[in-house]
Amino acid sequence: MTRAFILVMDSFGVGATEDAPKFGDQGANTFGHIAQACAEGKADIPNGRHGPLQLPNLARLGLGLTAEESAGATPAGFLPPDKITGAYGHAAERSFGKDTPSGHWEMAGVPVEYDWGFFPKETPCFPVELTDALIARCDLPGVLGNCHASGTEIIAQLGEEHIRSGKPIVYTSADSVFQVAAHETHFGLERLYELCRIAKELVDGYNIGRVIARPFIGEDAASFQRTGNRKDLTTPPPSPTLLDRLKDDGREVIAIGKISDIFAHRGMTQSIKANGNDALFEVTLEAAKTAPEGALVFTNFVDFDTLFGHRRDVAGYAAALEAFDRQLPQFEALLQPGDLAIITADHGCDPTWPGSDHTREHVPVLAFGPKVTPGSLGRRDSFADIGQTLARHLGIAPLDHGKDFLAA
Ligand SMILES: O=P(O)(O)O[C@H]1O[C@H](CO)[C@@H](O)[C@H]1O
Ligand SMILES: [Mn+2]
Ligand SMILES: [Mn+2]
């Protein structure tokens with residue numbers, strides 16, 4: 001079999017890039033700082049994980065060595081493996097932004113070398129013409145929020161007022177996003193989705209990458225919880241990606257989790273949703289059993305970012321990494337002789353960093369499979385090297401960007 005797998009550990013950076021100072025992220029290191037906190041006993045969970053970070057399978061694929069090449073030091077308490085079984089490297093991002101679509105499109109061969117629009121870090125953050133148009137078109141009594149915020153904090157602050165007033169909560173972040181939080185039953189899920197469709201039309205004029213519906217449940221600040229019914233309305237990639245090229249060639253492209261949303265539903269033949277990293281892993285294992293010759297299976301493991309990185313939850317992030325690592329051997333056991341798998345990330349989100357935004361970091365590139373020769377791939381200049389390597393592996397024409405890092 002000649003198949004390809006991309007497993008994206010969303011936000012798992014391995015150290016700041018050269019251009020991190022432009023983003024205020026000099027010194028950020030998602031992996032390094034989690035490992036350090038674990039080694040210092042600061043990421044113990046009662047009746048849960050404790051002590052140094054244990055990622056024996058990722059370490060065997062070269063994670064510790066790639067982190068050392070990226071950041072100049074082996075992460076604290078991270079033991080060198082007896083044997084390396086992967087080809088490991090770290091990649092810098094060419095795209096101008098450190099957001100999820102830019103990271104994923106670039107690894108699929110399309111760097112985003114233009115600026116998205118962003119909303120300023122002030123309150124109100126949205127232009128009054130934009131909120132006025134939204135209020136008029138959706139027949140709203142007004143909006144709440146209208147600022148940069150963490151999605152969980154803002155529903156705790158404004159969720160009760162939202163239920164009382166019927167005003168949706170609108171907010172943004174350092175990403176190019178317009179986010180709308182609303183209660184699933186008091187406001188209504190379908191009504192929220194419709195509002196987001198209209199918002200997408202309105203923000204297209206501001207060159208905003210995504211509108212995200214953020215439904216939640218619960219009756220008071222203490223019990224509000226976001227649900228799996230999040231919906232991302234994404235601007236399509238500016239040119240054909242690896243996924244489009246494969247689909248046009250008649251291949252199976254299996255998008256798991258957020259992937260289809262991230263690519264604006266373009267380029268996949270199947271889209272499978274699952275809530276949470278464990279369920280996403282299960283679906284990925286199923287795909288590894290059934291994907292046909294020539295297929296691409298592309299999974300985004302969202303919890304690292306959404307539940308732990310943005311929430312600045314170091315111990316939770318560490319536990320999620322260890323759970324992912326424990327499941328990896330089951331995946332490796334399903335790889336057929338010609339298969340190639342790549343574990344990577346789309347940006348950083350250092351849970352020890354100020355604020356709640358992503359961090360500009362190198363991402364790990366861990367390539368493995370029965371025929372992969374172990375060893376260092378060094379620093380890659382673009383995430384697009386992943387797409388180019390997979391294009392050659394799967395036997396389609398070269399993409400416009402990226403260098404094949406497994407070329408003979
Ligand atoms: O704080 P929450 O709502 O999770 O928002 C996060 O998720 C969005 C999309 O990745 C970004 O805007 C980021 O800030
Ligand atoms: Mn992401
Ligand atoms: Mn994120």
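This report describes the fold, the two domains, the ligand shell and one residue of a predicted model.

Residues are numbered from 1 along each chain as its sequence is written, and chains are lettered from A and ligands numbered from 1 in the order in which they are written. Because the model is predicted, local features need pLDDT of at least 70 and side-chain atom pairs count only at pLDDT 80 or more, while totals for chains, interfaces and linings use all residues.

**Overall fold**

The chain has 13 helices and 14 strands; these are DSSP runs numbered from the N terminus, with at least four residues for a helix (H or I) and at least two for a strand (E). The C-alpha trace spans about 60 × 50 × 40 Å along its principal axes. The radius of gyration, taken over C-alpha atoms, is 21 Å, which agrees with the value near 22 Å for a compact globule of 408 residues. That globule rule is 2.2 Å times the number of residues to the power 0.38. Buried residues make up 53% of the 408 residues. A residue is buried if 20 or more other C-beta atoms, placed from the backbone, lie within 10 Å of its own, exposed if 12 or fewer, and partly exposed in between. Of the contacts with a separation of 6 or more, 67% join residues 24 or more positions apart; a contact needs C-beta atoms, placed from the backbone, within 7 Å.

**Domains and ligand shell**

The domain bounds come from an automatic or database domain assignment.

| Domain | Residues | Residues in the domain contact |
|---|---|---|
| domain 1 | 4-114 + 238-394 | 13 residues |
| domain 2 | 128-234 | 11 residues |

The C-alpha centres of the two domains lie 29 Å apart. The side of domain 1 that touches domain 2 has 3 nonpolar, 5 polar and 5 charged residues. Here Ala, Val, Leu, Ile, Met, Phe, Trp, Tyr, Cys and Pro count as nonpolar, Asp, Glu, Lys and Arg as charged, and the others, Gly among them, as polar.

Around ligand 1 there are 13 residues, of which Ser150, Gly151, Ser173, Asp175 and Val177 come nearest; a residue is near if its C-beta atom, placed from the backbone, lies within 6 Å. Strand E5 (177-183) and strand E6 (210-217) each give two or more residues to this shell. The shell divides into 2 nonpolar, 8 polar and 3 charged residues, and draws at least three residues from each of domain 1 and domain 2.

**Glu69**

Glu69 is found in helix H3 (residues 63-71). Glu69 is partly exposed, because 19 other C-beta atoms lie within 10 Å. Not counting residues up to four places away in sequence, Glu69 touches His90, Ser376, Gly378 and Arg379. Gly89 is 20 residues from Glu69 in sequence and 8.0 Å away, C-alpha to C-alpha.

Definitions and conventions
Contact = placed C-beta atoms within 7 Å.
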